[in-house]
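Biologist: I would like a close look at a single part of this protein. Please walk me through one helix and what packs against it.

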Amino acid sequence: MTKKKFFSAISINSPVILGFFFVSAVILALNYLTMGMTNRWLSCYKTGWSDPLQYLRLFTHVLVHMDYSHFVGNFLLILVVGPMVEEKYGFKNTVLMFLFTAAVTGGIHLVISRNMLMGASGVVFALILIASFTNIREGKLPLTVLLVGLLYIGSEVVRCLYSSDNISHISHIAGGICGAGFGLLHHGDKFRKRQ
């Protein structure tokens, strides 16, 4: 197979997910090159509501990762689940879900924590929950949706209560709730038709 044929056999199947991946990868590389300054500029942390960068950081924190293993841990799930979500809900809705989830997880973090928030795990939880809605039928909520919600969000509630690690379990819970909310919002008409 020639080089030209090889590259023509590859498709850009998910522009939002791929764009998110490549921007995050560049930011990770920049963070290594700047010895942590990139993370300091783009992570979400409390500086005061008069600081305009704090509003920007509500969105940019999902692009920032502590290290390579943090990046890989998030993007393995995003690259598996994300394209299915983007295909089902479309480019615009996927971008809106990412922005909304980033703002909600960042905002909640600013209200309850003084630590730095970074990483796409809130988006991961949103994608997992919304993906479980893809096989919803007229007026029926699949048991798999309930089990995914129970396992993912339930385990994060337990970790939030009993764990003292440096992970923002609240952002995982908030991301999962955002994903479930988007799923219900998008499929709400199927429930109304049954009534």
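Modeller: First, a cut-off for describing helix pairs. Angles under 35 degrees count as roughly parallel, over 145 as roughly antiparallel, 65 to 115 as roughly perpendicular, and the rest as oblique. Keep in mind that this is a predicted model.

Take helix α5, residues 68–112. Start with its contact to α4, residues 52–60. The two helices pack at an angle of about 120 degrees. Their axes are 7 Å apart. An angle of about 120 degrees falls in none of the named ranges, so α4 and α5 are oblique to each other. The crossing of α4 and α5 is right-handed. On the α4 side, Gln54, Leu58 and Phe59 make the contact. On the α5 side, Leu99, Ala102, Ala103, Gly106, Gly107 and Leu110 do. By class, this contact has six nonpolar, three polar and no charged residues.

Now turn to α6, residues 121–131. Helices α5 and α6 pack at about 115 degrees, with axes 8 Å apart. That makes α5 roughly perpendicular to α6. This crossing, too, is right-handed. From α5, the residues involved include Asn74, Leu77, Ile78, Val81, Val85, Met97 and Phe98. From α6, they include Ser121, Val123, Val124, Leu127 and Ile128. The contact of α5 with α6 has 15 nonpolar, six polar and no charged residues.

Helix α6 itself is well covered. Of its 11 residues, 11 are buried, so α6 is largely enclosed by the rest of the structure. Among the buried ones are Gly122, Phe125, Leu129 and Ala131.

Look next at Leu127 of α6. Leaving aside neighbours within four places in sequence, Leu127 is in contact with Ile78, Val81, Gly82, Val85, Met97 and Phe98. Leu127 also belongs to the largest nonpolar core, which has 33 residues. Phe20, Ile78, Val85, Met97, Phe98, Val123 and Leu127 touch the most other members of that core. The elements giving two or more residues to this core are α2 (15–33), α5 and α6. Helix α5 supplies the largest share, nine residues.

Finally, consider Leu77, which lies in α5. Leu77 is partly exposed, with a relative accessible area of 35%. Not counting residues up to four places away in sequence, Leu77 touches Gly82, Val124 and Ile128. Its C-alpha atom is separated from that of Phe125 by 9.3 Å, though Leu77 and Phe125 are 48 residues apart along the chain.

Definitions and conventions:
Residues are numbered from 1 along each chain as its sequence is written. This is a predicted model: local features need pLDDT of at least 70, side-chain atom pairs count only at pLDDT 80 or more; totals for chains, interfaces and linings use all residues. Side-chain values use heavy atoms; hydrogens and water are left out. A nonpolar core is a set of buried Ala, Val, Leu, Ile, Met, Phe, Trp, Tyr and Cys residues joined through side-chain atoms within 4.5 Å. Buried means under 20% relative accessible area, exposed over 50%, partly exposed in between (1.4 Å probe, protein chains only). Helices (H or I, at least four residues) and strands (E, at least two) are DSSP runs, numbered from the N terminus. Contact means heavy atoms within 4.5 Å. Axes are lines fitted to C-alpha atoms, for helices over the stretch in contact, and angles run from 0 to 180 degrees between N-to-C directions. A crossing is left-handed if the near helix is turned anticlockwise from the far one by less than a right angle, and right-handed if clockwise. Ala, Val, Leu, Ile, Met, Phe, Trp, Tyr, Cys and Pro count as nonpolar, Asp, Glu, Lys and Arg as charged, and the others, Gly among them, as polar.
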